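Trainee: Hey, I've just been handed this structure and don't know where to start. Could you walk me through it?

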Amino acid sequence: MYLIKNAEIFSPESEGLKDVLIAGGRIVAIDTSLSPNIPELEVVDASGLKLVPGFIDQHVHLIGGGGEGGMHTRTPEFRLSSAIRAGVTTIVGLLGTDGYTRSIESLVAKTKALKNEGLSVFCLTGSYKYPPNTLTGSVDRDIAFIDEIIGCKLAIADYRCSNPTRQEIIRLASDIRMASLVAGKPGVLHMHVGAGKEGIAEILDIVKSSNIPVRHFRPTHMENHPQQAIEFTKLGGYVDITADPGDVDALYDLICKADAERLTMSSDSNGSIPKWNEKHELIGIRIANMDTLFGTIRLLIKKKGLPPDKALSLITSNVAKALNLYPQKGAVALGSDADLVLLDSDFKIHSVFAKGRAMMRNKEVLVKGVFE
């Protein structure tokens with residue numbers, strides 16, 4: 001049990017200075033001047049610190065990605081401490097281009113492993129290709145019967161994708177929707193959108209002309225198609241953008257023009273970042289890092305002057321609402337999971353709590369993976 005005293009709370013909206021009592025993995029009291037008489041209660045002095053919801057990263061290559069340059073370019077698995085340092089307490093894992101040497105079985109196993117180590121973790125079936133990779137033999141059965149699986153991954157507008165037809169996308173989204181209704185899940189079709197000039201033109205048309213609710217379509221990497229991103233949010237859909245501290249000017253412009261409550265941000269952590277020449281030949285490759293997630297948010301606040309509540313919502317409340325997790329996740333509220341991050345006066349991560357467990361204190365990681 002922890003009593004966090006004198007914290008400036010952003011839920012992510014500003015709520016002033018308050019105390020927060022954590023017990024049983026949840027927030028059980030929020031008020032000014034809390035002084036419970038509880039044995040073994042640990043008091044955390046948060047004077048001068050900001051208390052915000054734990055960050056949610058919905059695009060993470062938990063068992064690695066890459067491989068476009070040969071099997072020696074397969075990226076390594078994700079490590080628990082990487083999430084803790086980044087302030088991330090909830091993750092959605094997925095596969096990328098490599099649906100050959102990596103499997104949904106391994107992804108689900110890694111999801112369960114990180115859950116055992118203290119995080120909240122979900123995953124997606126499928127990968128870049130169509131028909132999708134699955135565990136049970138079909139996408140809808142994966143969603144209906146595997147607790148951790150909440151949707152499916154697919155790639156479009158990319159020279160590495162399978163170029164699924166309009167009817168194949170509609171059928172896949174319909175199957176996802178039906179399974180999600182039965183399983184009580186968000187049922188997302190999480191779409192890697194490449195740099196192809198068509199972007200999400202087909203998806204926009206499907207949303208406008210079919211009976212499938214827009215909420216099931218979740219395009220990501222949409223910083224590459226800002227005008228389509230703006231249009232999609234205006235239709236009521238959620239759009240995901242990839243964190244990039246080196247491109248905050250363009251991200252800020254997108255945030256200002258789109259329906260900001262419909263924007264989310266993810267890291268693409270442990271996926272590969274290949275560099276191609278004009279002939280689509282690989283000329284370099286590096287690995288994505290989860291630190292870019294809050295690193296980008298911090299720059300939006302510090303460099304661009306984006307209000308903290310609006311910036312933080314991209315990786316807290318907006319994502320939680322998109323994944324049907326709000327207000328259990330994405331909020332500092334009575335009854336919410338005690339997934340919390342303390343930030344210092346310079347908006348740097350100071351401490352992290354996941355489901356009420358102290359994972360990082362005073363900028364020191366306390367909990368690491370079994371083999372770290």
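**A first walk through the model**

Mentor: Sure. Let's begin with T89, which lies in strand 7, residues 88–93. Keep in mind as we go that this is a predicted model.

Trainee: OK, is T89 buried or exposed?

Mentor: T89 is buried, because its relative accessible area is 1%, and the cut-off for buried is under 20%.

Trainee: And which residues is T89 in contact with, leaving aside its neighbours in sequence?

Mentor: Once you skip everything within four places in sequence, T89 contacts G54, F55, L119, S120, D339, V352, F353 and A354.

Trainee: Got it. Let's jump to P12. Where does P12 lie?

Mentor: P12 is in a loop, the one between strand 1 (2–10) and strand 2 (14–23). P12 has 0% relative accessibility, so it counts as buried.

Trainee: A loop residue, then. What is P12 in contact with?

Mentor: Leaving out neighbours within four places in sequence, P12 is in contact with P53, D309, L312, S313, T316, S317 and G330.

Trainee: How far apart in space are P12 and G184?

Mentor: From C-alpha to C-alpha, P12 and G184 are 26 Å apart, with their positions 172 residues apart in sequence.

Trainee: Helices next. What can you tell me about helix 8?

Mentor: Helix 8 covers residues 291–302, which is 12 residues. At 1.5 Å a residue the helix should span 16 Å, and its end C-alpha atoms are 16 Å apart, so the two agree.

Trainee: Which residues of helix 8 are buried?

Mentor: The buried ones in helix 8 are T292, L293, F294, T296, I297, R298, L300 and I301.

Trainee: How do helix 7 and helix 8 cross?

Mentor: Helix 7 is residues 248–257, and its axis comes within 10 Å of the axis of helix 8, crossing at roughly 75°. That's why we call helix 7 and helix 8 roughly perpendicular to each other; the band for that word is 65 to 115 degrees.

Trainee: Which residues make the contact?

Mentor: From helix 7 you have V248, L251, Y252 and I255, and from helix 8 you have T296, L299 and L300. Sorted by class, that contact of helix 7 with helix 8 has six nonpolar residues, one polar and no charged ones.

Trainee: I noticed L254 too. Where does L254 lie?

Mentor: L254 lies in helix 7. L254 is buried, because its relative accessible area is 3%.

Trainee: And what does L254 touch?

Mentor: Not counting residues up to four places away in sequence, L254 touches E223, P226, A229, I230, I241 and L263. As for H216, it is 38 residues from L254 along the chain, and the C-alpha atoms of the two are separated by 22 Å.

Trainee: Switching topic: how many disulfides does a search of the whole structure find?

Mentor: Zero disulfides turn up in a search of the whole structure. Take C123, which is in no disulfide: the nearest cysteine sulfur belongs to C152 and is 11 Å away. C123 also counts as buried, because its relative accessibility is 0%.

Trainee: Why is C161 without a bond to C152?

Mentor: C152 holds the closest cysteine sulfur to that of C161, but at 14 Å it's too far for a bond. For a disulfide the two sulfur atoms would have to be within 2.5 Å. C161 has 9% relative accessibility, so it counts as buried.

Trainee: Anything unusual in the backbone?

Mentor: Some background helps here: most residues other than glycine have a negative phi, and most peptide bonds are trans. In this model the peptide bond from Y130 to P131 is cis, with omega near -5°. You'll find P131 in the loop between strand 8 (120–126) and helix 3 (139–145).

Trainee: What about the peptide bond from Y326 to P327?

Mentor: The Y326 to P327 bond is cis, with omega near 5°. P327 sits in the loop between helix 10 (317–322) and strand 16 (340–343).

Trainee: And which residue has a positive phi of about 55°?

Mentor: A157 has that value, although it is not a glycine. A157 is in the loop between strand 9 (149–156) and helix 4 (166–183), and because its relative accessibility is 6%, A157 counts as buried. H221 is not a glycine, and its phi is positive at about 60°. Look for H221 in the loop between strand 11 (217–220) and helix 6 (226–234); H221 counts as buried because its relative accessibility is 8%.

How values were computed:
Residues numbered from 1 in each chain as written. Predicted model: local features only at pLDDT ≥ 70, side-chain atom pairs only at ≥ 80, totals over all residues. Heavy atoms only, no water. Helix = DSSP H or I, 4+ residues; strand = E, 2+ residues; numbered from the N terminus. Expected span 1.5 Å × (residues − 1). Buried < 20%, exposed > 50% of the residue type's maximum accessible area, 1.4 Å probe, protein only. Axes fitted to C-alpha atoms, helices over the stretch in contact; angles between N-to-C directions. Parallel < 35°, antiparallel > 145°, perpendicular 65-115°, else oblique. Contact = heavy atoms within 4.5 Å. Nonpolar A, V, L, I, M, F, W, Y, C, P; charged D, E, K, R; others polar.
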